[in-house]
Amino acid sequence: MLAKDSLSWVVTVVILTGIFLTAAVLTGIDLVWYLFYLFLFLTVFVIWFFRDPGRTTKICDHCMFSAADGRVIDVSGQRVCVFMNVHNVHVNRAPISGVVKSITHKKGGYLPAFHKDSERNERTVTVIKSSHGDVNVTQIAGVMVRRIVSYVNVGDELVNGEKIGMIRFGSRVDVTIPEDFDITCKVGDRVYAGETVIAKEKGFEVRK
């Protein structure tokens, strides 16, 4: 399954690949063949990058799930930061159930998303009003294409694990954790959106 709003990317590279294949067959020019192979590689890469595998998320009012695939790069205060490398699935999911309170998009710079100052980059902050208080999900764009796509609108009711958007080509997602939750992940952990529990309500035991 392909991620929402990715079809135009896939169609574009497929058409260009077909054009270069036709030109290469008709002309036999080595350079044109090289361009065909380049765009064939890009076609495979784009389809692979925009993949959107199915996920099963447990409905849990006492748990918070990762909003992104990737590795935890920072756990400080009541915040968990996950860096998504280019090989990770880039569809982001709601870490907790609630109502979308606000969505704020801010333009920014070009720093790599794992950089400590990357909060100056282009980003979208989605605030989810949950039964445990407001939870901020900050999608931070990286150094490449830097386009953040939101799938939700203010007022939407979300269930934990529901898709909320994606960031294209290398990025990071920060999630704030309510004060009545204990963080259960650590720096270096590999996490998966909608599947990996990153925090739980104090006194609650997560069942495997």
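This tour moves through the strands of one sheet in a predicted model.

**The whole sheet.** Begin by displaying the open sheet of eight strands, whose order is 9-5-6-7-11-3-2-13 and whose pairing is antiparallel. Then select residues 157-158, which form strand 9, and residues 190-191, which form strand 13. These are the edge strands, each pairing on one side only.

**Strands 5 and 6.** Next, select residues 98-106 for strand 5 together with residues 123-130 for strand 6. The two run antiparallel and are joined by seven bridges. For a single position in this pairing, centre the view on Thr104, which stands opposite Val125 in strand 6.

**Strand 3.** Move now to residues 79-84, which make up strand 3. How many of its six residues are buried? Five are, and strand 3 is thus described as mostly covered.

**From strand 3 to strand 2.** Add residues 70-76, strand 2, to the selection; strand 2 pairs with strand 3 in the antiparallel sense over five bridges. Within this pairing, Arg71 has Phe83 of strand 3 as its bridge partner. Follow the chain between the two strands to see a hairpin with two residues between them. Select Gly77 in the turn and inspect its backbone: phi is positive, at about 60°.

**From strand 3 to strand 11.** Finally, select residues 171-176, strand 11, which also pairs with strand 3 in the antiparallel sense, here over six bridges. Val82 and Val173 of strand 11 stand opposite each other. When viewing the side chains, recall that in a regular strand they alternate between the two faces of the sheet.

Technical notes. Residues are numbered from 1 along each chain as its sequence is written. This is a predicted model: local features need pLDDT of at least 70, side-chain atom pairs count only at pLDDT 80 or more; totals for chains, interfaces and linings use all residues. Side-chain values use heavy atoms; hydrogens and water are left out. Two strands pair if DSSP finds at least two bridges between them. Helices (H or I, at least four residues) and strands (E, at least two) are DSSP runs, numbered from the N terminus. Buried means under 20% relative accessible area, exposed over 50%, partly exposed in between (1.4 Å probe, protein chains only).
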